[in-house]
Amino acid sequence: MKKRITVVSNLYPNCNEANRGLFIRQLVERLAGEFEVSVICPIPWKPSFLIKNDQRIPKQDIINGIKVEYPRHLVIPKMMRFSYGWLMYLSLLPLLKRQHKHSHIDLISAHWIYPDAFAATKAAKKLRLPIVVHALGCDINEYSKYWLRKIQISDALKASDLVVVKSRDLALKSEILGAPANNIRTIMNGVDRDKFYPDSMSCARNELGLSKSEKYLLFVGNLQVEKGLIYLLKALPLVTEVDFKLLVIGDGPQAQMMHQLVNALAINEQVSFLGAVEHDQIPRYLNAVDALCLPSLREGCPNIVLEALSCGTPVIASNVGAVPDMITDESKGDIVEPENSAAIAASLPRVLALKEANIVQFEWQSWDDNAQAITDIFNELIV
């Protein structure tokens, strides 16, 4: 009989956000070959008049054969964020109790340290269940700057049986926050080799309606502060050695501000905002363009960098998270310091010329390799 794993994460996809937390969904679907897996995706409760999307998230759903439950937990938007962990715990505990009583849970796996892992470790200890927590990036890098949340993050790291991190940088920070060094495992994200591989640039451009003669730079990410698009846009007027166009894939709270900045910088002809694009289309864009730029302020293990390099496309990315483990030499692109438009501008002419000279050679673990490493950890704890 398969052992039963319950995954807890607010990042799991739902009917409104099908592309949310795809890396967690990919992991869960692979773990389902070894374990009986179900998912709890806590949803912040808000009055109906505050919900912009008319399609309400159901209490439970089946996504690619995986049962997902969406319990609500009270939040006070933009206020008392230090209370979110305890409020999520109050919602999570009854559901985990019911699951454990109905069919014994062997292990809890919580992705995102605050509030998810804090709430899940409290519930796990109450139910005397082993728990693995997964630090993804901003949950450690950003939230630990706030002292009340930092205390709860530290509590979750200390209370977990194992802490899985996505970069050496996150491993060090987790240890500083209180995770015992021998309880930390560094397992970086995988890449889907069936989707992300070098393909014909000409064919990809034909499919996407892009010019065969232009040079293209690509940005993929949520339009929010952490992704640093503002620094890339400000870099464009500084580049005079090469002509190119920037394609921006993504949407988010800073979308209007980014459009306004493009107008203010008078680079409307150089920048195209494509909005949200289906994940299955991303390989076509990565093969069509000359380079990717990820100017993030913070990251864990950014999938888009792995995916670009796997498609043979060079990358300019900020020196954050696991980026230095991916861009290991100049043939793969450049690493720049965050919030530095001048450094991005200086790198662009060289990196935009790399792909024309030679396709990037890159090997990385698959999602199957990633899932196997995590499976081994789970089996170790369950035994």
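**Helix crossings and enclosed spaces**

Modeller: Let us start with helix α2, which crosses α3 in a right-handed sense, bearing in mind that the structure shown here is a predicted model.

Biologist: How should I read such a pair, and at what angle do α2 and helix α3 pack?

Modeller: As a general idea, two packed helices are described by the angle between their axes together with the distance between those axes. Here α2 and α3, the latter spanning residues 113-127, pack at an angle of about 45°, and their axes lie 8 Å apart. That angle is why α2 is called oblique to α3.

Biologist: Which residues in α2 and α3 meet?

Modeller: On the α2 side they include Tyr84, Trp86, Tyr89, Leu92 and Leu96, while on the α3 side they include Tyr114, Phe118, Ala119, Ala123 and Leu127. Sorted by class, the contact of α2 with α3 has 14 nonpolar, two polar and four charged residues.

Biologist: At what angle do α1 and α14 pack, and how far apart are their axes?

Modeller: For α1 and α14 the angle is about 65°, with the axes 9 Å apart, and the crossing of these two helices is right-handed. Phe23, Gln26, Leu27, Arg30 and Leu31 in α1 meet a set of α14 residues, among them Trp367, Ala371, Ile374 and Phe378. The residues of this contact divide into seven nonpolar, three polar and two charged.

Biologist: Turning to empty space, how many cavities of 30 Å³ or more are counted?

Modeller: The general idea is that rolling a probe the size of a water molecule over the atoms shows where empty space is left. In this model the count comes to one cavity of 30 Å³ or more, and the largest cavity has a volume of about 100 Å³. Its lining consists of 14 residues, and the closest to the centre of the cavity are Leu27, His111, His134, Lys166 and Ile374. The elements giving two or more residues to that lining are α1 (22-31), β8 (131-135) and α14 (367-382), and by class the lining has nine nonpolar, four polar and one charged residues.

Biologist: What is the volume of the second largest pocket, and which element gives the most to its lining?

Modeller: The second largest pocket has a volume of about 220 Å³, and its lining includes Arg4, Glu36, Gln60, Lys67, Arg98 and His102. The elements that give two or more residues to this lining are β2 (36-40), β5 (66-69) and α2 (84-102), of which α2 gives the most, with four residues. By class, the lining of this pocket has two nonpolar, five polar and five charged residues.

Key
Residues are numbered from 1 along each chain as its sequence is written. This is a predicted model: local features need pLDDT of at least 70, side-chain atom pairs count only at pLDDT 80 or more; totals for chains, interfaces and linings use all residues. Side-chain values use heavy atoms; hydrogens and water are left out. On a 1 Å grid over the protein atoms alone, a cavity is a set of points where a 1.4 Å probe fits but cannot get out, and a pocket is an open set with protein on both sides within 12 Å along at least five of seven lines; lining residues have an atom within 4 Å of a point. Grid points are joined across faces, edges and corners, and a volume is the space filled by probe spheres set on the points. Ala, Val, Leu, Ile, Met, Phe, Trp, Tyr, Cys and Pro count as nonpolar, Asp, Glu, Lys and Arg as charged, and the others, Gly among them, as polar. Axes are lines fitted to C-alpha atoms, for helices over the stretch in contact, and angles run from 0 to 180 degrees between N-to-C directions. A crossing is left-handed if the near helix is turned anticlockwise from the far one by less than a right angle, and right-handed if clockwise. Contact means heavy atoms within 4.5 Å. Angles under 35 degrees count as roughly parallel, over 145 as roughly antiparallel, 65 to 115 as roughly perpendicular and the rest as oblique.
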